[in-house]
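Subject: Structure for you, with notes

Hello,

Here is the structure I said I would pass on. My notes on it follow below.

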Amino acid sequence: MAFHFFKKFPEVSAVVSERKDGSMKVFSEQSEENQENRIRFFAEQGIAAERVVSAGLVHGKNVEITTVHSVTHNPRSWFMCNNREKTGRVIPATDALVTREKNLFLAVTAADCLPVFFFDPVAGVIGIAHAGWRGIVSGVIGETLKKMSVCGAAKENVSVAIGPHIRVCHFEIQTDILPRFAQYEKYVIKKEGRIYVDLEGIVKEQLRVAGIAKTHIETSPLCTFCESQTFFSYRRERSKEPQVMVATIGMKEKT
Ligand SMILES: [Zn+2]
């Protein structure tokens with residue numbers, strides 16, 4: 001089982017793994033096990049792991065336009081652990097990826113952060129973003145849409161799906177980072193002396209401001225912190241070696 005998005009577009013596969021699929025970290029002390037989990041999960045989705053390109057994740061707003069050629073020739077990209085080409089490449093220092101190439105799967109990992117999928121079925125452009133609070137307030141969503149339009153996407157045709165993440169019920173912040181949300185007061189909820197932020201609300205507002213129609217946005221209603229049987233949660237588990245889900249999107253080649 002896995003969570004599928006964009007079901008009305010059979011030409012695209014957009015999926016998030018579950019806790020029972022195992023941890024999918026790119027960097028890990030248990031990297032062999034994590035790589036095996038990834039290869040197995042991708043295979044179940046009909047995806048060859050060597051066709052997967054992963055974002056290195058730095059909680060920033062950088063977006064990389066990706067092709068097989070650019071990844072292979074990017075001197076900064078590297079193979080994951082010992083399985084080398086079998087596990088696909090990682091592009092460092094980026095939280096979002098965009099491509100128009102078919103049969104190239106873009107991936108990010110998350111365990112509370114928002115995995116956000118983008119698809120323009122007319123132009124044939126896909127994107128994926130790893131959006132934690134830092135990335136969200138620095139603008140990774142808008143930057144991903146900009147790079148998609150560089151690839152030919154038109155905002156009126158773009159659909160967006162927000163995967164399972166930590167919802168407002170559990171995303172609590174302290175006063176130290178409160179000023180970072182000054183622009184988004186509406187999404188800051190103060191309750192019984194605690195402060196919560198509705199990250200999904202902020203992302204949806206950013207999408208609307210960027211011109212994405214409300215009817216083109218779908219959201220997973222599940223909170224990674226609440227659903228302990230189904231998801232890993234960084235905040236809930238507070239483990240030194242965090243376990244994570246993988247989110248991936250790709251356009252299947254017509255056969
Ligand atoms: Zn929750």
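How many of the six residues of strand E8 (residues 105-110) are buried? Six of the six are, so to speak the strand is mostly covered. Please bear in mind throughout that this is a predicted model.

Strand E8

The side chains of E8 go two ways: Phe 105, Ala 107 and Thr 109 point one way, while Leu 106, Val 108 and Ala 110 point the other way, and all are buried. E8 has pairing partners. With strand E3 (residues 52-55) it pairs in the parallel sense, over three bridges, and Val 52 stands opposite Phe 105. With strand E16 (residues 245-251) E8 runs antiparallel, joined by five bridges; here Ala 110 stands opposite Met 245.

The chain as a whole

The protein chain contains six helices and 16 strands. Its radius of gyration is 17 Å, close to the 18 Å that the globule rule gives for 255 residues, so the chain is as compact as a globular protein of that length. Along the principal axes, the C-alpha atoms fill a box of roughly 55 × 40 × 35 Å. Of the 255 residues, 44% count as buried. Among contacts with a separation of 6 or more, 74% are between residues 24 or more positions apart.

The core

In soluble globular proteins, nonpolar side chains tend to be buried together. In this model the largest nonpolar core has 71 residues, and those with the most contacts inside it are Val 116, Phe 117, Ile 128, Val 203 and Met 245. Met 245 is the residue that stands opposite Ala 110 of E8. Ile 128 also touches E8: leaving aside neighbours within four places in sequence, its contacts include Leu 106, Ala 107 and Val 108. Others on the list for Ile 128 are Val 116 and Phe 117, along with Ala 247 and Ile 249.

Helix H1

H1 has 14 residues and reaches 20 Å from its first C-alpha to its last, close to the 20 Å expected at 1.5 Å a residue. Its buried residues are Asn 34, Gln 35, Asn 37, Arg 38, Phe 41 and Phe 42. They cover an arc of only 155° around the axis, which puts them on the same side of H1. The buried residues of H1 pack against E3 and E16, the strands that pair with E8. The face turned away from the buried side carries the exposed residues Glu 32 and Ala 43. Just after H1, Gly 46 takes a positive phi of about 75°.

Why does Asn 37 count as buried? It has 20 other C-beta atoms within 10 Å, and 20 or more is the cut-off for a buried residue. Asn 37 lies in H1 (residues 31-44). Beyond its neighbours within four places in sequence, Asn 37 is in contact with Asp 21, Gly 22, Ser 23 and Met 24. Ser 23 is 14 residues from Asn 37 in sequence, with 6.8 Å between their C-alpha atoms.

Helix H5

Val 203, named above for its contacts in the core, belongs to the buried residues of H5 (residues 199-209), with Leu 199, Glu 200, Ile 202 and Leu 207. Seen down the axis, these buried residues fall within an arc of 160°, so they line one face of the helix. On the face turned away from that side are the exposed residues Arg 208 and Val 209. Just after H5, Gly 211 takes a positive phi of about 95°.

Regards

Terms used: Residues are numbered from 1 along each chain as its sequence is written. This is a predicted model: local features need pLDDT of at least 70, side-chain atom pairs count only at pLDDT 80 or more; totals for chains, interfaces and linings use all residues. A residue is buried if 20 or more other C-beta atoms lie within 10 Å of its own, exposed if 12 or fewer, and partly exposed in between; C-beta atoms are placed from the backbone. Helices (H or I, at least four residues) and strands (E, at least two) are DSSP runs, numbered from the N terminus. The arc is that of the directions from the helix axis to the C-beta atoms. A nonpolar core is a set of buried Ala, Val, Leu, Ile, Met, Phe, Trp, Tyr and Cys residues joined through C-beta atoms within 7 Å. Two residues are in contact if their C-beta atoms, placed from the backbone, lie within 7 Å. The radius of gyration is taken over C-alpha atoms; the globule rule is 2.2 Å times the number of residues to the power 0.38. Two strands pair if DSSP finds at least two bridges between them. The expected span of a helix is 1.5 Å times one less than its number of residues.
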